[in-house]
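Biologist: I have the sequence and the model open side by side. Please pick one part, look at it closely, and then work outwards so that I can follow along on screen.

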Amino acid sequence: MISPAKTDKKVVIEVENVSKTFKVGDNEVKAVQEVDLKIYQGDFVVIFGPSGCGKTTLLNMMTGLDEPTSGRVEVNGQNIFNLDEDERGLFRSRHIGFVQQMSYWVKSLNVLENVALPLMIEGRKASNAMRTARLMLNEIKIKKLGTQLPTQLSGGEQQKAGVARALVSNPNILFADEPTGNLDSKSAGEIIKLFYYLNKELNRTIVMVTHNQNYWESGNRRVEMKDGEIVGDHNHHDGYIKENGYVKLKAEK
Ligand SMILES: Nc1ncnc2c1ncn2[C@@H]1O[C@H](COP(=O)(O)OP(=O)(O)OP(=O)(O)O)[C@@H](O)[C@H]1O
Ligand SMILES: [Mg+2]
């Protein structure tokens, strides 16, 4: 399957003929089969499809977490599986933000310290890391959560803080695997709006997997998977409208 042509934009992710087979006892599970996908700077791609069709497996290969059985994955022009594990870890922390269904926290640190942690692990001085983390919380409008402990936050607030942590190293790509899976519809809508803001206003490329049909058209591009393959890849209209300066989900009209 060839991705829609968009020759004027920079390719930030290129998945070429990628397959992943898991061995389970004597059986082989073909989780992803010969997938080709190009994602462009500024895309907001929504990946959907039935449970078990290979969405998470594909995402994990694009983020460098899981090595393909065959094929090639390039992120920002770098073949990520040509790097050794240490190099890949460093590359991931600089180029890739990742949000999952639930955010995991160091419970003894407050939200600001948790958001600063990836930078300190990269070797930045604590004062510098905290300053950058504070700016990040500001940027996504959750400054007031900084002094709280993660356990004191609602699920939706935790996911927003998770987005801040994912973006604190200033990666140009944000991946999200079912980021609204544990949230009620109001909090879920807020997370999608935050993604929209990051995409439209801050020009981040977003790749989101979701089961939730309400959000399949929330980006500019929708990729459908089935049985380990991409069976649909559509560019379409902007899924959002702006009203009185506020971004509104179409479903809320
Ligand atoms: N580590 C693993 N070991 C063995 N099989 C696996 C492993 N990870 C995934 N699979 C299998 O690969 C297939 C694709 O799984 P994957 O998690 O990518 O699906 P998914 O589309 O993300 O599903 P869901 O919507 O339920 O999250 C499934 O058949 C799954 O059982
Ligand atoms: Mg999954």
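**A strand pair and what surrounds it**

Modeller: Let's start with strand β3 (residues 44-48) and strand β9 (residues 221-226), which in this predicted model run in the parallel sense and are joined over 4 bridges. If you want one position to click on, take Ile47: its bridge partner in β9 is Val223. Strands of a sheet pair through backbone hydrogen bonds, and the pairing can be parallel or antiparallel.

You can find the antiparallel kind by following β9 onwards. β9 pairs with β10 in the antiparallel sense, over 6 bridges, and Arg222 stands opposite His234 of β10. These two strands make a hairpin with 2 residues between them, where Asp227 takes a positive phi near 45°.

Now step back to the sheet that holds these strands. It is an open sheet of 6 strands in the order β6-β7-β8-β3-β9-β10, and its pairing is mixed. At the edges are β6 (96-99) and β10 (229-235), each of which pairs on one side only. On average, neighbouring strands here are turned by 15° against each other, direction ignored.

Two helices pack on this sheet. Helix α5 (residues 155-167) touches β6 and β7 (173-177), with its direction at about 165° to that of β6. Helix α6 (residues 185-200) brings us back to our starting strand: α6 touches β3, β7 and β8 (205-209), and its direction makes about 155° with that of β8.

Side chains also link α6 to β3. The whole structure contains 2 aromatic pairs. One of them is Phe44 with Phe195, an edge-to-face arrangement with 6.5 Å from centre to centre and 65° between the planes. Since Phe44 belongs to strand β3 and Phe195 to helix α6, this pair ties together parts that lie 151 residues apart in sequence.

Edge strand β6 is worth a second visit for the largest pocket, which has a volume of about 600 Å³. α2 (85-95), β6, α3 (111-121) and α5 each give at least two residues to its lining. Of the 22 lining residues, Ile96, Phe98, Pro118, Arg165 and Ala166 lie nearest the centre of the pocket. The lining is made up of 11 nonpolar, 8 polar and 3 charged residues.

To finish, look at the other open sheet, with 4 strands ordered β2-β1-β4-β5 and antiparallel pairing. Its edges are β2 (27-40) and β5 (78-79); each has a single partner strand, so one side of each is left without a neighbour in the sheet. β1 and β2 pair in the antiparallel sense over 10 bridges, and Phe22 has Val29 of β2 as its bridge partner. The hairpin formed by β1 and β2 has 2 residues between the strands, and Gly25 in the turn shows a positive phi of about 60°.

β1 (residues 11-24) also pairs with β4 (residues 70-75), again in the antiparallel sense, over 5 bridges. Along that pairing, Ile13 has Val75 of β4 as its bridge partner, while Glu16 stands opposite Arg72. Helix α1 (residues 55-62) packs on this sheet, touching β1, β2 and β4, and its direction makes about 125° with that of β1.

Conventions. Residues numbered from 1 in each chain as written. Chains lettered and ligands numbered in written order. Predicted model: local features only at pLDDT ≥ 70, side-chain atom pairs only at ≥ 80, totals over all residues. Heavy atoms only, no water. Pairing = 2+ DSSP bridges. Axes fitted to C-alpha atoms, helices over the stretch in contact; angles between N-to-C directions. Contact = heavy atoms within 4.5 Å. 1 Å grid on protein atoms, 1.4 Å probe; cavity = no way out; pocket = protein on both sides within 12 Å on 5 of 7 lines; lining within 4 Å. Points joined across faces, edges and corners; volume = space filled by probe spheres on them. Nonpolar A, V, L, I, M, F, W, Y, C, P; charged D, E, K, R; others polar. Phe/Tyr/Trp six-rings, centres within 6.5 Å; stacked < 30°, edge-to-face > 60°.
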